[in-house]
Amino acid sequence: MTDAARFEAFVREFQDMVFATAVRLLGREAEAEDVAQTVFMRAFERFAEIGSSPSAAGWLKTVTTNLCLNHLSRYRARWQFFSELDRDGEPLGLGTRLSMVASAAENLELAERRQRLERALRRLPDHQRVPLVLFHFEDMGYQAIADALDISLAKVKSDIHRGRDALKQELSIGSR
Amino acid sequence: MDPADLERLLDRELKQLPRPHAPRTLLPRVLAATIDRADSPALTGWFTWPRTWQIGSVAAVALLIATAWMFMVAPPRPVTNIARTAGETATIMRALWQVLLQPVATYVLALGVTLALACAAAWAAFEVALGGASQR
């Protein structure tokens, strides 16, 4: 197998993981795709090292998380609330919708609830969504999140608490 | 609901969410970008350059250093001639400046400033005179 073919297989294997991490941290598919491309270009530069490494997935997750946090701090006011208000009703991407449809075939109600939850998660303001995603999807502790975001531990806890409250409302609406 | 219960419930719900799929455009974008990158090896790190580029760059740097060293230690005759001529010209120019120009430079500068001020004053007076005439 040539290097190009190996790299293509590598991207195919990890693209969903990288994109999922990015889209949940950033909340927007277009920006997540840009970040995912940058992540894979970094991987391409070091492909001789990480191409066959068992820690490739961990390396990709770390780079994705760091790039997303950099992106948020550079291109958006990270904890700005009002920038998020215009995203109500933003449709999910085709890939996400296809996966939702597949789930719906098995259990429509469950799939709809999950879709609502995914939407609600992405609609959360940055300052609530980012620590929430780091906590629940990346398994980071409160202190590690505070360190990564350079904010106080109390703010991390309060933002996560508010984010959970917002998501709880979505779940309770769905269970009616 | 108790916060700990809510945390557990949400953790379970969130982890059960299906993983979003990467858009179909991502793979072609990445592959196209890698092709572009491969076409311009100068943009990547030296260690990722092709072997011939690496050897060529090392040879070029070595040649540059050797040439600079040769010029510093034993410059060729044309270079020393040019340097000597430039040095002699500079000495003559410095002597001319010190003997002929430097003694009168202050006076010339003062005269220039005075003439400029006089011209400015004359022009202002001229404008006032013209302005007054036109207003009549």
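Reader: What percentage of the 176 residues of chain A count as buried?

Author: This is a predicted model, in which local features need pLDDT of at least 70 and side-chain atom pairs count only at pLDDT 80 or more, while totals for chains, interfaces and linings use all residues. Residues are numbered from 1 along each chain as its sequence is written, while chains are lettered from A and ligands numbered from 1 in the order in which they are written. A residue is buried if 20 or more other C-beta atoms lie within 10 Å of its own, exposed if 12 or fewer and partly exposed in between, with C-beta atoms placed from the backbone. For the 176 residues of chain A, the buried share is 36%.

Reader: How many helices does chain A have?

Author: Helices are DSSP runs of H or I with at least four residues, and strands are runs of E with at least two, both numbered from the N terminus. Along the sequence, chain A reads α-α-α-α-α-α-α-α-α. With 0 strands beside them, the number of helices in chain A is 9.

Reader: And what percentage of the residues of chain B count as buried?

Author: Chain B has 4 helices and 0 strands, and from its N terminus on the elements run α-α-α-α. Of its 136 residues, the buried share is 7%.

Reader: Are H1(A) and H2(A) parallel, perpendicular or oblique?

Author: An axis is a line fitted to C-alpha atoms, for helices over the stretch in contact, and angles run from 0 to 180 degrees between N-to-C directions. The axes of H1(A), residues 3–26, and H2(A), residues 29–45, come within 8 Å and cross at roughly 140°. Angles under 35 degrees count as roughly parallel, over 145 as roughly antiparallel, 65 to 115 as roughly perpendicular, and the rest as oblique. The crossing angle therefore makes H1(A) and H2(A) oblique.

Reader: How many nonpolar residues does the contact of H1(A) with H2(A) have?

Author: Two residues are in contact if their C-beta atoms, placed from the backbone, lie within 7 Å, and those joining these helices include Phe7(A) and Val11(A) of H1(A) and Val39(A) and Phe40(A) of H2(A). Ala, Val, Leu, Ile, Met, Phe, Trp, Tyr, Cys and Pro count as nonpolar, Asp, Glu, Lys and Arg as charged, and the others, Gly among them, as polar. Besides 1 polar and 3 charged residues, the number of nonpolar ones in this contact is 13.

Reader: Does Phe40(A) count as buried or exposed?

Author: Phe40(A) lies in helix H2 of chain A, and, leaving aside neighbours within four places in sequence, it is in contact with Val11(A) and Val30(B). Because 27 C-beta neighbours lie inside 10 Å, Phe40(A) counts as buried.

Reader: Which helix gives the most residues to the side of chain A that touches chain B?

Author: Between the chains, 35 residues of chain A are in contact with 28 residues of chain B. The elements that give two or more residues to this side of chain A are H1, H2, H5 (94–106), H6 (108–123) and H9 (153–175). By class, that side has 16 nonpolar, 9 polar and 10 charged residues. The one giving the most, with 9 residues, is H1(A).

Reader: How far apart are the end C-alpha atoms of H4(A)?

Author: H4(A), residues 56–75, has Leu60(A) and Cys68(A) among its buried residues, and what covers those buried residues includes H1, H2 and H7 (126–136) of chain A. The expected span of a helix is 1.5 Å times one less than its number of residues. The 20 residues of H4(A) should therefore span 28 Å, and this agrees with the separation of its end C-alpha atoms, which is 28 Å.
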